[in-house]
Amino acid sequence: MSSLPKCPQCSSEFTYEDGDNYVCPECAHEWPKAASAGGDEKRVVKDSNGNVLQDGDTVTVIKDLKIKGSSSVVKVGTKVKNIRLVDGDHDIDCKIDGIGAMSLKSEFVKKV
């Protein structure tokens with residue numbers, strides 16, 4: 001059997017080596033060989049000022065954020081309590097009073 005790791009995105013077993021990277025032919029995901037050998041490194045999420053964020057923190061929005069598919073806007077200074085960190089492009093899941101559940105990018109918030 002193959003000693004190559006499975007694809008972290010789609011769990012395909014058909015990965016192959018390409019220089020210093022592994023490549024998945026099914027979903028076209030590429031990742032460095034060093035990342036798979038490193039083990040369980042926890043991702044660090046930082047706010048706009050470089051402060052490390054954790055689950056349950058309270059943050060403040062630093063820029064007016066338009067909500068896709070709506071005419072609503074999250075205003076500057078909106079306080080968001082009890083955030084939850086997730087993987088992905090928008091790395092904060094939260095509930096905003098008057099708007100509801102949302103995903104935010106950490107670059108548009110600062111820790112309180």
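Asp-97 sits in the loop between β9 and β10. In this predicted model, Asp-97 counts as exposed, with a relative accessibility of 78%. Measuring C-alpha to C-alpha, Asp-97 and Lys-6 are 41 Å apart in space, with 91 residues separating them in sequence.

The two strands on either side of that loop make a hairpin, with three residues between β9 and β10. One residue of the turn, Gly-98, has a positive phi of about 85°. The pairing of β9 with β10 is antiparallel and runs over five bridges. Across the hairpin, Ile-96 is placed opposite Gly-100 in β10.

The hairpin belongs to an open sheet of three strands, in the order β8-β9-β10, and the pairing is antiparallel. The edges are taken by β8 (84–85) and β10 (100–104); each has a single partner strand, so one side of each has no neighbour in the sheet. On the β8 side, β9 (residues 92–96) pairs with β8 over two bridges, again in the antiparallel sense. Leu-85 has Ile-92 of β9 as its bridge partner.

Strand β9 also carries a cysteine, Cys-94. Is Cys-94 buried or exposed? Cys-94 counts as buried, at 8% relative accessibility. Going from Cys-94 to Cys-10 covers 84 residues of sequence and 27 Å of space, C-alpha to C-alpha.

Cysteines bring up the matter of disulfides, and how many does the structure hold? The count is zero. Two pairs show why. The closest cysteine sulfur to that of Cys-7 belongs to Cys-27, and at 3.6 Å the two are too far apart for a bond, because a disulfide needs the sulfur atoms within 2.5 Å. The story repeats at Cys-10, where the closest cysteine sulfur, in Cys-24, is 3.5 Å away and so too far for a bond. As for their surroundings, Cys-7 is buried, with a relative accessible area of 3%, whereas Cys-10 is partly exposed, at 35%.

Next to Cys-10 in the numbering comes Ser-11, which lies in the segment before β1 (16–18). Ser-11 has a phi near 65°, a positive value in a residue other than glycine. Most residues other than glycine have a negative phi. The relative accessible area of Ser-11 is 48%, which makes this serine partly exposed. Ala-28 gives another case: its phi, too, is near 65°, positive in a residue that is not glycine. This alanine is found in the loop between β2 (21–23) and β3 (30–32). With 58% relative accessibility, Ala-28 counts as exposed.

Aromatic contacts are quickly told, since a search of the whole structure turns up one aromatic pair. The partners are Tyr-22 and Trp-31, with ring centres 5.7 Å apart and 40° between the planes, a tilted arrangement. Tyr-22 is buried, at a relative accessible area of 12%. Trp-31 counts as buried as well, with a relative accessibility of 8%.

Back at the edge strand β10, there is a pocket to describe. The second largest pocket has a volume of about 260 Å³. Which strand gives the most to the lining of this pocket? That is β10, with three residues. Both β5 (65–66) and β10 supply at least two residues of the lining. Among the lining residues are Leu-65 and Lys-66, along with Met-102, Ser-103 and Leu-104. The lining also includes Lys-63, Asp-64, Ile-67, Lys-68, His-90, Lys-105 and Phe-108.

How far the prediction can be read depends on where one looks. The chain has a mean pLDDT of 88, and 92% of its residues reach 70 or more. Confidence is lowest in helix α1 (residues 33–38), with a mean of 61. At the other end of the scale, strand β4 (residues 59–61) has the highest confidence, at 97.

How values were computed
Residues numbered from 1 in each chain as written. Predicted model: local features only at pLDDT ≥ 70, side-chain atom pairs only at ≥ 80, totals over all residues. Heavy atoms only, no water. Buried < 20%, exposed > 50% of the residue type's maximum accessible area, 1.4 Å probe, protein only. Pairing = 2+ DSSP bridges. Helix = DSSP H or I, 4+ residues; strand = E, 2+ residues; numbered from the N terminus. Phe/Tyr/Trp six-rings, centres within 6.5 Å; stacked < 30°, edge-to-face > 60°. pLDDT = per-residue confidence, 0-100. 1 Å grid on protein atoms, 1.4 Å probe; cavity = no way out; pocket = protein on both sides within 12 Å on 5 of 7 lines; lining within 4 Å. Points joined across faces, edges and corners; volume = space filled by probe spheres on them.
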